[in-house]
Amino acid sequence: MIKLPSLFVTGTDTGVGKTVITALLALLYQEAGVRVGLEKPVITGVKAGEDAALAGDLALLRRVLSTGEGPVYSYAFTPAVSPHLAAARAGVTIDLARIESDHAAVRSKYDAVLVEGAGGLLAPLNDDSFMADLAARLRLPLVIVSRPSLGTINHTLLTVSCAQARSLEVAGIIINNFPARPGPAEADNPGAIEKFAGVPVLAIVPHITGLSVEEAEEGDIQRVARAVDKKFKLLERLSRWREEHVQ
Ligand SMILES: Nc1ncnc2c1ncn2[C@@H]1O[C@H](COP(=O)(O)OP(=O)(O)O)[C@@H](O)[C@H]1O
Ligand SMILES: [Mg+2]
């Protein structure tokens, strides 16, 4: 059976498509016969009275999981703001040790775990830790989800540079939401990012017309996932990455 790496899915910003890409990867992992667990350590924007396990990003992530088990979260907050602020408003300090121990429990149950961060690498979790510190603590390689449009070279290189400054491994970059008819910047950006970042662009995921995380069916994402995997050999590349980097 193919062996695939556990990953920390981060992005150059909020709203770049981390949840969609985590779902896409989970579907591909499952199709390859890999038992995959999903984790979103901190979720925000849970409405009052709403079941956190069915809220926001967790709703889509839950739908793609064939195990019938929900994605794991350690903290859930109501305001749709950065984790540090949402936690402070709730009078809570996010404890990375708690997330680490929840993660260890998930890791022991599955072949691979995909963890979706919140925001980007320097989204604060508390007064002295950022998302990047959590990725380091969980000892997970990063997949960076980037926008395709103007400005993305800068954002992606900043993210890679932050990862390198903290000795985080970067398995690769996934450019998401790529338009059917790319303009000159969009057409050039994937190559430029790969060249300047010195990190592979693992795949380019097209814009899926009408996709909304709230209503997306796993079928919509599965179709795209299969096409992307066929074109970019995404699983094969991730498997090779694992062979070369994970003991
Ligand atoms: N490939 C795509 N095609 C169309 N819409 C997308 C795509 N990727 C993301 N979106 C849309 O962009 C929004 C943000 O995506 P999401 O995965 O929730 O980002 P993040 O998790 O980084 O905040 C969602 O409404 C989603 O439907
Ligand atoms: Mg998300």
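Is Gly-183 buried, exposed or partly exposed? Gly-183 is partly exposed, with a relative accessible area of 25%. The residue sits in the loop between S7 and helix H7, which spans 184-197. Across the fold, its C-alpha atom is 8.6 Å from that of Ser-149, and 34 residues separate the two along the chain. The model behind these values is predicted.

## The magnesium ion

Three side chains coordinate the magnesium ion (ligand 2): Thr-19 through OG1, Asp-57 through OD and Glu-116 through OE. The distances run from 2.1 to 2.2 Å. Along the chain, the donors follow the spacing T-x37-D-x58-E. Thr-19 belongs to helix H1 (residues 18-31) and Asp-57 to helix H2 (residues 56-64), so this pair ties together parts that are 38 residues apart in sequence.

Two of the donors can be placed by accessibility. Thr-19 is buried, at a relative accessible area of 7%. Asp-57 counts as partly exposed, at 24% relative accessibility. For Thr-19 the reasoning is short: buried means under 20% relative accessible area, and the value is 7%.

## Ligand 1

Ligand 1 is surrounded by 16 residues. The closest are Gly-15, Lys-18, Thr-19, Asn-176 and Ile-208. Thr-19 therefore appears twice, as a donor to the magnesium ion (ligand 2) and among the closest residues to ligand 1, while being buried at 7%.

Which atoms make polar contacts with ligand 1? A polar backbone atom of Gly-17 lies 3.0 Å from an oxygen atom of the ligand. For Val-20, a backbone N or O atom is 3.0 Å from an oxygen atom of ligand 1. Asn-176 uses its side chain: an N or O atom there is 2.8 Å from a nitrogen atom of ligand 1. Taken alone, ligand 1 exposes 550 Å², and the protein buries 83% of that.

## An aromatic pair and a charge

How many aromatic pairs are there? The count comes to one aromatic pair. The partners are Tyr-75 and Phe-77, with ring centres 6.1 Å apart and planes at 15°, so the pair is stacked. Planes under 30 degrees apart count as stacked. Tyr-75 is buried, at 6% relative accessibility. Phe-77 is buried too, at 6% relative accessibility.

Tyr-75 has a further neighbour. Arg-98 lies over the face of its ring, at 4.1 Å from the ring centre. Arg-98 is part of helix H4 (residues 96-109). With 40% relative accessibility, Arg-98 counts as partly exposed. The C-alpha atoms of Arg-98 and Pro-179 are separated by 40 Å, with these positions 81 residues apart along the chain.

## A buried lysine

Where is Lys-40? Lys-40 is in the loop between strand S2 (36-39) and strand S3 (42-43). At 5% relative accessibility, Lys-40 counts as buried. Its side chain reaches the backbone oxygen of Gly-117 at 3.0 Å.

## Loops

Arg-139 and Ser-167 have a positive phi of about 55° although neither is a glycine. The loop with Arg-139 runs between helix H5 (131-137) and strand S6 (142-146). Arg-139 is exposed, with a relative accessible area of 65%. Ser-167 is in the loop between helix H6 (152-165) and strand S7 (170-178). Ser-167 is exposed as well, at 66%.

Thr-209 is another loop residue, between strand S8 (201-206) and helix H8 (218-232). At 74% relative accessibility, Thr-209 counts as exposed. Its C-alpha atom lies 9.6 Å from that of Asn-177, though these positions lie 32 residues apart in the numbering of the chain.

The table sets out C-alpha separations.

| Pair | Separation along the chain | C-alpha distance |
|---|---|---|
| Arg-98 and Pro-179 | 81 residues | 40 Å |
| Gly-183 and Ser-149 | 34 residues | 8.6 Å |
| Thr-209 and Asn-177 | 32 residues | 9.6 Å |

Methods
Residues are numbered from 1 along each chain as its sequence is written. Chains are lettered from A and ligands numbered from 1 in the order in which they are written. This is a predicted model: local features need pLDDT of at least 70, side-chain atom pairs count only at pLDDT 80 or more; totals for chains, interfaces and linings use all residues. Side-chain values use heavy atoms; hydrogens and water are left out. Rings of Phe, Tyr and Trp (its six-membered ring) pair if their centres lie within 6.5 Å; planes under 30 degrees apart count as stacked, over 60 as edge-to-face and the rest as tilted. Buried means under 20% relative accessible area, exposed over 50%, partly exposed in between (1.4 Å probe, protein chains only). A charge sits over a ring if NZ of Lys or CZ of Arg is within 6 Å of the ring centre and within 35 degrees of the ring normal. Donors are N, O and S atoms within 2.8 Å of the metal (3.2 Å for Na, K and Ca); water is not among the atoms, so sites may look incomplete. Helices (H or I, at least four residues) and strands (E, at least two) are DSSP runs, numbered from the N terminus. A residue is near a molecule or strand if one of its heavy atoms lies within 4 Å of it. A polar contact is a pair of N or O atoms within 3.5 Å; within protein, one must be able to donate a hydrogen and the other to accept it, and residues adjacent in sequence count only if both atoms are side-chain atoms. Accessible areas come from the Shrake-Rupley method with a 1.4 Å probe; for residues, only the protein chains shown count as cover.
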